[in-house]
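Welcome! Take a look at the model below, and then let us walk through some of its charged pairs and a meeting of two helices.

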Amino acid sequence: MLLGLAAIFLNWSVRIPWAWYHSAQAIRKNEEYDGDTLLMESEDDNALSFSTATLEEVPEEEIAGQTTTKTPTQTTANKPIRRLPAHEAATNELYTHEVLALLSCFLFPVFGAYLLHTIRSQLTRPSEGLVSNYNLTIFLLASELRPMAHLVKLIQSRTLHLQRVVNSNPYDSIKGKGLGEGGDLVRRLEDLEARASIAETPANSDPTLSGKQSSVLTTEVGAAKYREMRLRGETAFPAPKVLPDAIDIKIQSRDAGRDIPCRLMYPKARTTAEERKKCWGVIIHFHGGGWVLGDEKSQDPLLSFYANAADAAVISVGYRLAPEDPFPRGPEDCYDAAYHLLTTHPTFNLSGLLLHFGSYDLCNRFPSCINFSRPLVLNRDIISHFVNAFVPNMTPEQRIHPSVSPYYENFEKYRGRLPPALFTCGTEDPLLDDSVVMATKWLMAGGYAILKIYPGAPHAFIGFSDMLDEAGQALDDTKTFIREQSEKP
């Protein structure tokens, strides 16, 4: 009788854990949602609703009398999935059940064999021989064979997955996690670039652009009007976020009767005038935009990041822009702001340079620009337009002057005097080679340089910190560099 009950228990110890494991796994897989469906919560009495509508289904601007629309099949592919909290919690609990069930496949037979070993002394002589150590060992080996083979298979599958990840080429596409979250922006930019190439502007008419347009269209509406559109959020990029903590100031320029508008940002922790005097130092910021776009108020969040990361005051210079004010007026404003800072604080030393995706050759083009064909934020046509606006009527010989193209500077004369520099750029940026080559020249001249390349990141990617993981990584690297330099004596 006792031996029969033990046999039933042994059978259960082998069979029931496997049934539990397969049940948990099957139910958990059924709980996974179809990637074509977006599940959303509703505050209405109808508790749940399904929607496949996405940003692409919103009607776009009309081009040449036609309106382009996309079908749900086109728009639902590769969309992120949102789940209700209850379903998310249930799925996580099923994962736990699955793991526990797999563990029980190993432990239950051991427990059953130990139980038989314990009660063996209570059995009669013939029955006692059936549960000898030899037979129990055979039972354990047979019962553990199946879960062990399954565990090995799981490990092999995981190993193959990791090998595919390691061997994958991050440069083949931008479908990785970082740019996947910014896919809507990328598709919009590509679509707008295609439209710009086919759109025709009537002669002698004032071209107007509706909605969100790429910076390539500055050639159609003019730089001044495009800047206004950008401030109102009518371009491919959202309107700049203006922070109330920033202070508008003016710095005197070299031109009599003219001041340079600037933006001053202090660390959030320093709220009083006395506390602000104790800041570690000053970061002077020259905004991006190809010397054509942007202003001192267009990057308040970045200024705040710099201020908090360095415990420093940050000054953004509103230099004059081309084509209204071509070279050298914009750089002169930058020089004047830096000169004012050094003359009013003569004890300041230059601790380092933050050089994000810069352009260092305005005459020739590096291979990364020549071979770049993706219409992401910046391309060859936009670069040529900005360069021609900034240095109009300049000969190639004039454009290779170091004051225009720093790449042609002889760094040897600065050996031992170059400040530490951080160069950052993404692989989906036509200016990638600019950063790589300039960082190399910096090192060749004995300077301290760090070059950070972010696979899949486009030009100006640090401005998309809410969409791109690469932007967050770059900001973390920037913070580390700032703190390393601020800690030096």
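Aspartate 336 counts as buried, because its relative accessibility is 9% and the cut-off for buried is under 20%. In this predicted model, aspartate 336 shares a salt bridge with arginine 254, with 3.0 Å from N to O. Arginine 254, at 47% relative accessibility, counts as partly exposed.

**The pair of aspartate 336 and arginine 254**

- Which parts of the chain does this pair link? Aspartate 336 belongs to helix 12 (residues 329-344), while arginine 254 lies in the loop between strand 3 (247-252) and strand 4 (259-265).
- The two residues are 82 residues apart, so the pair links distant parts of the chain.
- Both partners also belong to a network of salt bridges, which links Arg254, Asp255, Arg258, Arg320, Glu332, Asp333 and Asp336.

**Other salt bridges**

- How many salt bridges does the structure hold? There are 17 salt bridges in the structure.
- One salt bridge joins glutamate 409 and lysine 413, whose closest N and O atoms are 3.3 Å apart.
- Is glutamate 409 buried or exposed? Glutamate 409 is buried, because its relative accessible area is 19% and buried means under 20%.
- Its partner, lysine 413, counts as partly exposed at 49% relative accessibility, since exposed would need over 50%.
- Glutamate 412 and arginine 415 also meet through their side chains in a salt bridge, at 2.7 Å from N to O.
- Glutamate 412 is partly exposed, with a relative accessible area of 44%, and arginine 415 counts as partly exposed at 44% relative accessibility.

**Where helix 11 meets helix 17**

- Helix 11 covers residues 300-310 and helix 17 covers residues 469-486; their axes come within 9 Å and cross at roughly 40°.
- Why are these two helices called oblique to each other? The crossing angle is roughly 40°, and angles under 35 degrees count as roughly parallel while 65 to 115 count as roughly perpendicular, so helix 11 and helix 17 are oblique.
- The crossing of helix 11 past helix 17 is right-handed.
- On the helix 11 side, the residues in contact are Leu302, Phe305, Tyr306, Asn308, Ala309 and Ala310. On the helix 17 side, they meet Leu475, Thr478, Lys479, Ile482 and Arg483.
- Sorted by type, the residues of this contact divide into 7 nonpolar, 2 polar and 2 charged.

Terms used: Residues numbered from 1 in each chain as written. Predicted model: local features only at pLDDT ≥ 70, side-chain atom pairs only at ≥ 80, totals over all residues. Heavy atoms only, no water. Axes fitted to C-alpha atoms, helices over the stretch in contact; angles between N-to-C directions. Helix = DSSP H or I, 4+ residues; strand = E, 2+ residues; numbered from the N terminus. Parallel < 35°, antiparallel > 145°, perpendicular 65-115°, else oblique. Left-handed = near helix turned anticlockwise from the far one by under 90°. Contact = heavy atoms within 4.5 Å. Nonpolar A, V, L, I, M, F, W, Y, C, P; charged D, E, K, R; others polar. Salt bridge = Lys/Arg side-chain N within 4 Å of Asp/Glu carboxyl O. Buried < 20%, exposed > 50% of the residue type's maximum accessible area, 1.4 Å probe, protein only.
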